[in-house]
Amino acid sequence: MARHFAAALALPVLVSSVLGAQAQSAQGPIASRDGQPVLPYAEQKFRGNVGTTYLNSDPPQFPAPIAAPEGAPNVLLILLDDVGFGQFDVTGGGVPSPAMDKLAEDGLLYTRFHTTALCSPTRAALLTGRNHNVSGTGVITELATGYDGYTGIIPKDTATVAEILRQNGYVTAWFGKNHNTPIYETSAVGPFDHWPNGLGFDYFYGFMAGDTNQLRPYLFENQTALGTPQDEDYYVSVDLADKTIAWLKSIEAIQPGKPWFAYLAPAATHAPHQAPKDLIDRYRGQFDMGWDAYREETFQRQKERGIVPQNAELTPRPASLPAWDSLDDDQKRLYERMMEAFAAYGEQVDAEVGRVLDYVDSLPDSDNTLILYIVGDNGASAEGGFDGTLNENAFFNAYLMTVEDMLPRIDEIGTELHFNHFPAGWAWGVDSPFQWTKQVASHLGGVRNPMIVKWPARYAAHGETRTQFLHVIDIAPTILDAAGISEPRSVNGTAQTPIQGTSFLSTLADADADEVRTSQYFEMVVNRGMYKDGWWAASLAFEPWDPVRGEFDPLKARWELYNLDEDFTQANDVAADNPDKLDEMKALWWAEASKNKALPLDWRGAERFSAELTGKPNLAGDRTIFTYPGPLAGLPEASAPDLKNKSFRITAKVEIGENASGMIFTQGGNTGGWAFYLKDGKLKAAHNFIDVETYLVESDTPVAAGSHELTMDFAYDGGDQMGQSGTLTLSVDGSEVARGPIARTTPFKYSLSENQDIGSDTGTPVTYDYSAPLEFQGQLEEVVVDVTK
């Protein structure tokens, strides 16, 4: 360790672009004169004399491989999902986090780091160093619209830090969640330039959706679908840690001198909140104090540890959220179990990321590894609604589950059977001491997340807190600064929009270092914030637990004003006493929104999931008849025929034996969707209405062995209305064998992560009348989906 530390001290803190270029071999690339290189560097050609044979030619010389600047560190970037500031023990919360605690003891804890309030936008800003709208990702990809700041497409003029590192001698890898590829480009036909491999990563292992079942994810390696693991004890967090460690082992074995950049993005603690039952059971009774007392206890610990100033005030509960003491016994019992599952889920991911940290710490060059651990891409999620939910997708379909819906299934919470999500009250609770939650970019509960940074070879300080105001766009330029790599002016033939973030390496050396970020705008679904020189203007448009949003006029919306230099938690609105300052901040917000492509504002909720309403591209195009010549697994919902709010017919030509079983066609899973299948010879079809009701229609007798045409016919009764009823009819060779009502249908989205499958079910079952994958027994010769009805 001493050897690495001494060597690193000899390095300048910032390597200039000219020195960085000179650090390449004599035959290596040379940066442009203005210090901003063009990537890729020009190919090297042989400059010696070439004679008639090798005997009278100058000695041959291969082009030198691109090498990173001398002393460039390895980089481990970790990003958790949907985490409240007061969630983990590392910042005073009630969920144990021994791995984070140890890293904070060995490194530095940042308490004024900020995200964008939502998944995809934070991740785009993190990777590019530009604001989320400039990076084309003003909202999650599923809600994208056709405006430049909201397409869900990271533009080519905002190259990722991985691409820049890769073209400067790093090897790069991404493990876990990818929520930055347009949903209509995630099928087997791509295109792949917006997949991780097209965004600068040599290797990718993970899932493409915004969330996933922790036990039954649909996984990819690079651009190849691996399908769904079938191991009984499988969990995503464990798998991602295993794969990250395995990749690091291979790098160290093959080329230990080459620096690496690893981006680890676990699914946790985004819904579904799933963990081993024995781990969940260990938390039984630990949250019976309720969310009000939890916040008070957390706040007290935060003060005792110096995480918040002594003069900080605990912000009050929003008026629309119930006090814990006002709940009845059934509500408390249900909500406690949901929080127990959430805590176990958090403990599990801390342990698994801890395994990666331990392995990195064992490497010979561990001292020269820059670790950036961002504890959440936004605040805790309130998308479970007031009562929580067994299915987060119900919220996205503008349906709030009730206690009566869920209490009979309380013992199933945390298992693969449900996509469960705790109540909004707990989300607010674990965001202690701040106001509001995920989605609310106007207030700190939505955008302030802890960050832990460690780089022993360069900075010896450890166990300390840093309070400089930082934003997620500052990560990419900090990594480039640490590596001594200049920001390029052109990447892969495209002139670059300048990086908007600023390196914060200076703060690692000095707790009193000057602020590197004095201004930052925030916007998410019209919740707006503006920070400038210690002041924060805030305008809340909609409460995050409300999926239905009506008319709204952003020009008439109320604004609040806070002096964060005196009010760490945003507890005291001083707008009435500072009208001129508020007007200045509001005007600045509009200017920044215009400059950063945050306009036009769009406050629509669940309806933005609809491709039909938003005009999102779809591989289905204008087709009304889809012919599949046999089995086809893993077609994303966004690339499949849209079966919602309409009549349709599915016809299959099959050859089967006696009492055959098998999936013919499915779209969605236990979060919502359709299944058309055989079980023990009987022809069956089911619709799952967002895990609230499942409707099953089946034949009385088995289908005989032989060749048949099997038909599922759904007649929708709703006309132009969404989510209405219909009648399901099953036929064999043109003769009706079953008929039944479907009282309610899923209006907007079956799932964020389930697929359309033919011949098997790669995800969770639509109905637990069958067990996935339910491979088709026999010949599935052709399946035709007809939506012309």
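**Salt bridges and nonpolar cores: a quick tour**

Okay, let's start with a pair you can find on your screens: R333 and D330 form a salt bridge through their side chains, with N and O 3.7 Å apart. Keep in mind that this is a predicted model. So how are R333 and D330 placed in helix α9? They are three residues apart there, which means about one helical turn separates them. As for accessibility, R333 is partly exposed at 44%, and D330 is partly exposed too, at 38%.

While we're on salt bridges, there's a network to look at. K277, D281, R284, R337 and E340 are joined into one network by salt bridges that share partners. Let me pick one pair out of it. D281 and R337 meet in a salt bridge, at 2.7 Å from N to O. Which parts of the chain does that pair tie together? D281 sits in helix α7, residues 277-281, and R337 in helix α9, residues 329-362, so the bridge ties together parts 56 residues apart in sequence. And are these two buried or exposed? D281 comes out as partly exposed, at 27% relative accessibility, whereas R337 has 7% and counts as buried.

Now for a pair that links distant parts of the chain. R112 makes a salt bridge with E515, and their closest N and O atoms are 3.4 Å apart. R112 belongs to strand β3, residues 108-114, while E515 is in the loop between α15 (505-509) and β15 (519-524), which puts the partners 403 residues apart. R112 is buried, with a relative accessibility of 9%; E515, at 36%, is partly exposed. If you're wondering how many salt bridges there are, the count comes to 41.

Right, let's leave the charges and go to the nonpolar side. The largest nonpolar core has 121 residues. Which residues have the most contacts inside it? They are W247, W260, Y373, I664 and F676. Helix α9, which we've already met, gives the most to this core, with 15 residues.

Let's zoom in on W247. Leaving out residues up to four places away in sequence, W247 touches V171, T172, A173, F175, Y203, W260, F261 and A262. W260 shows up again here, and like W247 it is on that list of residues with the most contacts inside the core.

One last stop. Apart from the largest core lies another one, of 56 residues, and L79, A159, L480 and V516 are among them. That's my tour; go ahead and click around.

Definitions and conventions. Residues are numbered from 1 along each chain as its sequence is written. This is a predicted model: local features need pLDDT of at least 70, side-chain atom pairs count only at pLDDT 80 or more; totals for chains, interfaces and linings use all residues. Side-chain values use heavy atoms; hydrogens and water are left out. A salt bridge is a side-chain nitrogen of Lys or Arg within 4 Å of a carboxyl oxygen of Asp or Glu. Helices (H or I, at least four residues) and strands (E, at least two) are DSSP runs, numbered from the N terminus. Buried means under 20% relative accessible area, exposed over 50%, partly exposed in between (1.4 Å probe, protein chains only). A nonpolar core is a set of buried Ala, Val, Leu, Ile, Met, Phe, Trp, Tyr and Cys residues joined through side-chain atoms within 4.5 Å. Contact means heavy atoms within 4.5 Å.
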